[in-house]
Amino acid sequence: MNYLRSNVFDPSVNLATEEYLLKHSSDEWCFLYVNKPSVVIGKHQNAMAEVDIISAMDHSVGVFRRISGGGAVYHDYGNLNFCFIYNREVGQQVDFQRNSRPVVEFLNSEGLDVEYAGANNLVYRGLKFSGNAEHVYKNRVMHHGTILFDSDLELLSQVLTPQKKDYQHRGVLSKPWPVVNLKSVLPEFRSIDHLADALGNFMQRTYRVNPAFLSENDQTAIEHLAEEKFRTWQWNFAYAANYNLTRTIKVNGRNLIVELEVSNGIIFRVIVNNQEAGYLEAIVGERHHPEAISQRLKLIQSENKSKFNLKDIVNQLF
């Protein structure tokens with residue numbers, strides 16, 4: 001097994017690296033990385049139903065989609081991500097407990113009694129510190145997950161708590177679980193780098209992993225994949241199945257019921273229960289995203305001299 005530690009904090013690059021190592025290598029890998037503040041959603045999730053996009057934008061938290069299933073997770077500089085890529089007999093690739101065992105053994109060796117819980121979580125005293133997911137490619141499986149060490153749990157809670165009940169869709173829903181940072185119970189680790197070093201050293205001692213490096217060609221291919229896939233609206237937002245959103249919003253002291261129908265990230269129908277707010281129908285054809293709707297309504301407001309609080313309306317449509 002090869003050992004690789006990322007030196008970048010760009011989620012698009014690190015997610016692209018995972019896919020590249022899975023699909024363009026026959027080796028087994030242990031890949032560790034840290035991302036800047038971001039939410040990473042599962043392949044089959046609706047980003048808008050999983051992320052409070054207004055809060056995420058206010059705090060410069062990006063939204064990215066990974067190739068594995070499962071629920072949404074929060075990443076930041078206090079969270080360590082691990083990725084194991086194994087060669088397995090076809091039909092026997094998926095095994096969350098087996099595939100995440102190195103992390104459990106490492107934390108056990110540090111005196112923590114961690115357990116498996118739910119379908120794909122690791123917990124300490126009933127509190128989740130690690131969400132895990134897997135993706136199968138031919139005879140290979142990628143197993144990856146998080147280790148909350150010193151993350152901003154308040155911001156995590158803010159960006160992962162949208163009004164899901166207003167969305168009607170067939171996407172996979174995340175399952176809320178109380179979370180914990182491990183820093184308080186691992187006082188010997190001063191930083192996330194210290195934790196990553198310790199896990200890497202454990203892997204080298206216990207699993208005989210060998211340090212590896214990416215060639216210039218590898219890095220070029222990964223950057224291309226990041227640009228063409230993991231930084232795109234089409235992958236991160238529009239990939240979701242069609243969905244409907246029904247919201248009661250307040251405009252100029254009146255309650256309006258607004259229904260949006262969205263396909264491939266684009267609003268294709270708007271129903272408003274008040275003719276005076278017919279200007280909202282002008283967002284048909286726009287992306288269901290605060291920036292796109294804002295730009296469109298700003299133009300309508302200027303052309304028709306409509307009196308409404310632009311920011312307030314946009315915030316209520318997510």
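## Salt bridges and a small network

A salt bridge here is a side-chain nitrogen of Lys or Arg within 4 Å of a carboxyl oxygen of Asp or Glu. With that in hand, take a look at Asp 10, Glu 223, Glu 227 and Arg 231, which are linked in a network of such bridges. Keep in mind that this is a predicted model. A search through the whole structure turns up nine salt bridges.

One link in that network joins the side chains of Arg 231 and Asp 10, at 3.2 Å from N to O. The two come from distant parts of the chain, 221 residues apart. Arg 231 sits in the loop between α8 (216–230) and α9 (233–238), while Asp 10 sits in the loop between β1 (2–5) and α1 (11–23). Are these two buried or exposed? Arg 231 is partly exposed, with a relative accessible area of 32%, and Asp 10 also counts as partly exposed, at 22%.

## Glu 19 and its two lysines

Now for Glu 19, in helix α1. Its side chain meets that of Lys 23 in a salt bridge, at 3.2 Å from N to O. Why can these two be partners? Side chains of opposite charge can pair when their charged atoms come close. In this case Glu 19 and Lys 23 are four residues apart in helix α1, so about one helical turn separates them.

Glu 19 also forms a salt bridge with Lys 229, this one at 3.0 Å from N to O. Here the partners are 210 residues apart, and the bridge links helix α1, home of Glu 19, to helix α8, home of Lys 229. Glu 19 counts as buried because its relative accessibility is 8%, and the cut-off is under 20%. Lys 229, at 18%, counts as buried too. Lys 23, on the other hand, is partly exposed, with a relative accessible area of 28%.

## Rings and the charges over them

Lys 229 has another contact to show: its charged end sits over the ring of Trp 235, 4.4 Å from the ring centre. Arg 88 does something along those lines with Tyr 86, lying over the face of the ring at 4.2 Å from its centre. Tyr 86 also belongs to one aromatic cluster, together with Phe 82 and Phe 84.

How many aromatic pairs does the structure hold? There are nine. One of them is Trp 233 with Phe 237, a stacked pair with 4.9 Å from centre to centre and 15° between the planes. These two are four residues apart in helix α9, so they are separated by about one helical turn. Both Trp 233 and Phe 237 are buried.

## Two residues with positive phi

Most residues other than glycine have a negative phi. Ser 60 goes the other way: its phi is positive, near 55°. You'll find Ser 60 in the loop between α3 (53–58) and β4 (62–65). Ser 60 is exposed, with a relative accessible area of 62%.

Lys 138 is another residue to check, again with a positive phi near 55°. Where is Lys 138? It lies in the loop between β9 (127–137) and β10 (140–148). Its relative accessible area is 62%, so Lys 138 counts as exposed.

Conventions: Residues numbered from 1 in each chain as written. Predicted model: local features only at pLDDT ≥ 70, side-chain atom pairs only at ≥ 80, totals over all residues. Heavy atoms only, no water. Buried < 20%, exposed > 50% of the residue type's maximum accessible area, 1.4 Å probe, protein only. Phe/Tyr/Trp six-rings, centres within 6.5 Å; stacked < 30°, edge-to-face > 60°. Lys NZ or Arg CZ within 6 Å of the ring centre and 35° of its normal.
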